[in-house]
Amino acid sequence: MTKSQENYQEIIHTIKTAASESGRKPTDVTLIAVTKTFLRDDIEPVLTLGHKIFGENKVQEAYNKWVEIKKDYPDIKLHLIGPLQTNKTAEAIALFDVIETVDREKLAQKIAEELVKTPKNIELMIQINTGEEPQKAGIIPQEADNFIEYCLNDLKLPIKGLMCIPPFEDEPSPHFAFLSKIARKHNLSQLSMGMSGDYKIAVKQGATYVRVGSAIFGTR
Ligand SMILES: *Cc1c(COP(=O)(O)O)cnc(C)c1O
């Protein structure tokens with residue numbers, strides 16, 4: 001096994017254990033292998049193990065890499081986990097299976113328009129800026145309820161859950177708990193939270209997706 005394969009197996013094991021320990025089914029949590037900045041050669045060992053769910057944070061980078069890889073692995077599912085520029089919406093919908101970063105009205109409207117023009121069975125998540133960091137994308141907590149309702153009821157978007165990236169310097173737990181609370185309030189079943197440093201905590205707090213990059217593939 002390569003180093004990344006060992007890392008991968010260990011993370012899968014940790015996720016399953018954390019899920020069981022918190023009374024959840026191991027299958028309730030899905031690992032998103034985050035491949036930003038990594039190349040096909042880096043990713044191949046994990047593809048070989050049969051992993052199918054990957055995350056990228058830039059539309060163009062994802063195209064450059066995944067159009068080729070998908071020729072050999074057609075059942076790959078891709079999550080967009082980085083901010084989406086409105087002018088890249090159509091491209092993003094065409095490539096990705098899940099867009100986790102719906103974070104403003106203009107983008108939500110654009111996605112709704114594109115889905116009318118070119119229907120696709122895509123899933124969406126709303127990014128919440130739980131730490132209210134000015135440099136970070138996401139809807140601020142005070143606007144979350146209205147925005148979620150707007151996306152669901154006015155735009156009829158297929159919003160399935162919420163995503164957050166806690167502030168680097170904070171204890172992540174309160175952020176995960178907060179995200180989970182908002183999701184429950186709106187009956188949203190999916191929670192994308194937890195990265196290399198805190199995915200175990202996130203699983204214990206109800207994550208259905210964890211997004212792990214460097215703990216699998218190494219430092220970027
Ligand atoms: C890069 C990234 C990750 C993965 O981060 P690691 O610390 O490498 O696991 C998760 N989520 C988002 C939004 C990212 O941009």
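This report describes the surroundings of the ligand and the salt bridges in a predicted model.

The ligand occupies the space that forms the largest pocket, and the residues around it are Val34, Lys36, Ile81, Met163, Ile165, Met195, Ser196, Arg211, Val212, Gly213, Ser214 and Arg220. Sorted by class, this shell around the ligand consists of six nonpolar, three polar and three charged residues. Polar atoms of the ligand pair with protein atoms at serine 196, at arginine 211 and at serine 214, as set out in the table.

| Residue | Protein atom | Ligand atom | Distance |
|---|---|---|---|
| Serine 196 | N or O atom in the side chain | oxygen | 2.5 Å |
| Arginine 211 | polar side-chain atom | nitrogen | 2.8 Å |
| Serine 214 | polar backbone atom | oxygen | 2.8 Å |

With regard to accessible area, the ligand taken alone exposes 390 Å², of which the protein buries 90%.

Beyond the ligand, a search of the whole structure finds twelve salt bridges. Side chains of opposite charge can pair when their charged atoms come close. One of these salt bridges joins lysine 204 to glutamate 21, with the closest N and O atoms 2.7 Å apart. Because lysine 204 belongs to helix α8 (residues 199–204) while glutamate 21 belongs to helix α1 (residues 3–21), the pair ties together parts that are 183 residues apart in sequence.

Conventions: Residues are numbered from 1 along each chain as its sequence is written. This is a predicted model: local features need pLDDT of at least 70, side-chain atom pairs count only at pLDDT 80 or more; totals for chains, interfaces and linings use all residues. Side-chain values use heavy atoms; hydrogens and water are left out. A residue is near a molecule or strand if one of its heavy atoms lies within 4 Å of it. A polar contact is a pair of N or O atoms within 3.5 Å; within protein, one must be able to donate a hydrogen and the other to accept it, and residues adjacent in sequence count only if both atoms are side-chain atoms. Accessible areas come from the Shrake-Rupley method with a 1.4 Å probe; for residues, only the protein chains shown count as cover. On a 1 Å grid over the protein atoms alone, a cavity is a set of points where a 1.4 Å probe fits but cannot get out, and a pocket is an open set with protein on both sides within 12 Å along at least five of seven lines; lining residues have an atom within 4 Å of a point. A molecule sits in a cavity or pocket if more than half of its atoms lie within 2 Å of its grid points. Ala, Val, Leu, Ile, Met, Phe, Trp, Tyr, Cys and Pro count as nonpolar, Asp, Glu, Lys and Arg as charged, and the others, Gly among them, as polar. A salt bridge is a side-chain nitrogen of Lys or Arg within 4 Å of a carboxyl oxygen of Asp or Glu. Helices (H or I, at least four residues) and strands (E, at least two) are DSSP runs, numbered from the N terminus.
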